[in-house]
Amino acid sequence: MNSFFLKKIDNISLILFRIFFGILVSLECFGAILTGWVKSNLVEPKFNFSFIGFEWLTTLAGPGMYAYFIIMGSLGILISIGYKYTYSMLAFALMWSGVYLMQKTSYNNHYYLLMLISSIMVFFPAHNDYSIDAKLNPEIRNNKMHAYFKYIIILQLFIVYTYAAIAKVYADWLNFDFIQVLMRGKANYFLIGDLLQLPWIHQIISVFGILFDLLIIPALLWKPSRKYAFIFAVFFHVFNSIVFQIGIFPYLALAFTVFFFEPKKIRALFFKNTLAYIPANIATPKFKTVILGIWILYIFQIGLPLRHHFFEDDVLWTEEGHRLSWRMMLRRRSGIVHFDVVDKQTNTTTRVNLTHYLTKKQIRKIGAYPDVIWQFAQHLKKEAEKNNKEIAVYAHARVSINGKPKRQLIDPKVDLAQEEWQHFKHNSFILPSHK
């Protein structure tokens, strides 16, 4: 076992991935500005729905968030060329994690993956060759690495895809209802819009989606199937990029495939003028230390996707345990909500005008997600306290999942201003799914 994980292997896959990674995250950050994502999610909102517990992460005023993303995009360039790599990657990981945690109106599992990958890449020797760091400091130049760097990445991908496949095994996916709802919004796409509405296309997408997630990592690992798996991966991710427009993730997913191919092929394709040189000495860490580090890093990822099984009711309804669980593209939620605020001193009731607090995008989101509804109630409570008022907040929310009829989501008799959010058990103000 020691020899398997600690053996020295060619590091060209890690070097090439660093280059791809830096380019892609740079495009993601600059693209977020150009497409208006930063404006709609971080500049225009007066109030942001952060991850619960990270309310202290607030957006920067004025042009601050634009500068924030310009810095992150510039860090991506530095990562790609390998300049001050460790510091650049650490700064990017921290800044990206901050953006991820300070808003969830545009929650995406892919953003979570990017946070994890950038965090672990801080500790990878991805700048030991074909980098400005290696040119300025030849002592670090190296064309070898320990095998466990490669297998940490593969383990990460295996976790993502396996949980994504398992999560798809539920009624609305298997009977194609969700696919139909998902594709309904693509009807106006040029050339392919009508095709995406066909029932047999929905069936192919449903079956192929599960099989791809379940088999892609084993198929890439097995040499006889690797070439065909890569071809399927290219088709799958390009299809997702065109149809779902999910940013850099499809191309990041393809960049990961460099870890599955023979280093000789990668060098021949991308680095034809590779120079032969004696690699620098690589210190061999204690195997137990390596395993402990990997275990600590991934134990929470293995456990988090399972936590919803320990909550009451269905995660599809309550959303409790949905985030950070690789439950990707599984449901389409829509809802409507209004809030009644009762002044406890005067006993008067006021209907809240959401447009005074939230953007149109936030209003579309708030009615469908229990934690967001609770957070807004807490926000109203804090605003009232600033004015020396004591209030009760009642929410009347109805939600539709995958196009089904709307049903009551929140108990309208519960004062949400007095409720504490429960991280490790079911929140009782969420009505049961069977009612």
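What volume does the largest cavity have? It comes to about 70 Å³. Keep in mind as you look around that this is a predicted model. Rolling a probe the size of a water molecule over the atoms is how empty space shows up. When the whole structure is searched that way, 1 cavity of 30 Å³ or more turns up.

So who sits around that space? Three helices are worth finding in the viewer: α8 (147-167), α11 (199-221) and α12 (223-244) each give at least two residues to the lining of the largest cavity. Helix α11 makes the largest contribution, with 4 residues. Among the lining residues you can pick out Leu157, Tyr161, Phe212, Ile216, Ile217, Leu220, Ala233 and His237. Further along the chain, Ala253, Phe256, Thr257 and Phe260 line the cavity too. Sort the lining by class and you get 10 nonpolar residues, 2 polar ones and no charged ones.

Now step out to the surface. Ile77, Ile81, Tyr83, Ile132 and Leu136 make up a nonpolar patch there, covering about 430 Å². Two helices, α4 (64-81) and α7 (132-136), each put at least two residues into this patch. Leu136, for one, belongs to helix α7.

Next, move along to the strands. Here 4 of them make an open sheet, and reading across you meet β4, β3, β5 and β6 in that order, with antiparallel pairing. At the edges stand β4 (348-351) and β6 (407-408), and because each has a single partner strand, one side of each has no neighbour in the sheet. In a regular strand, side chains point to one face of the sheet and then the other, in alternation.

Start at the β4 edge. Strand β3 (residues 333-343) runs antiparallel to β4, and 4 bridges join the two. One place to look is Asp343, whose bridge partner in β4 is Thr348. The hairpin made by β3 and β4 has 4 residues between the strands, and Asn347 takes a positive phi near 60 degrees in this hairpin.

Finally, cross to the other edge. Strand β5 (residues 391-401) pairs with β6 over 2 bridges, again in the antiparallel sense. To find the spot, look for Val399, which has Arg407 of β6 as its bridge partner.

Notes
Residues numbered from 1 in each chain as written. Predicted model: local features only at pLDDT ≥ 70, side-chain atom pairs only at ≥ 80, totals over all residues. Heavy atoms only, no water. Pairing = 2+ DSSP bridges. 1 Å grid on protein atoms, 1.4 Å probe; cavity = no way out; pocket = protein on both sides within 12 Å on 5 of 7 lines; lining within 4 Å. Points joined across faces, edges and corners; volume = space filled by probe spheres on them. Nonpolar A, V, L, I, M, F, W, Y, C, P; charged D, E, K, R; others polar. Patch = residues over 30% accessible without salt bridge, like charges linked within 9 Å, V, L, I, M, F, W, Y side chains within 5 Å. Areas by Shrake-Rupley, 256 points an atom, 1.4 Å probe, with all protein chains shown as cover. Salt bridge = Lys/Arg side-chain N within 4 Å of Asp/Glu carboxyl O.
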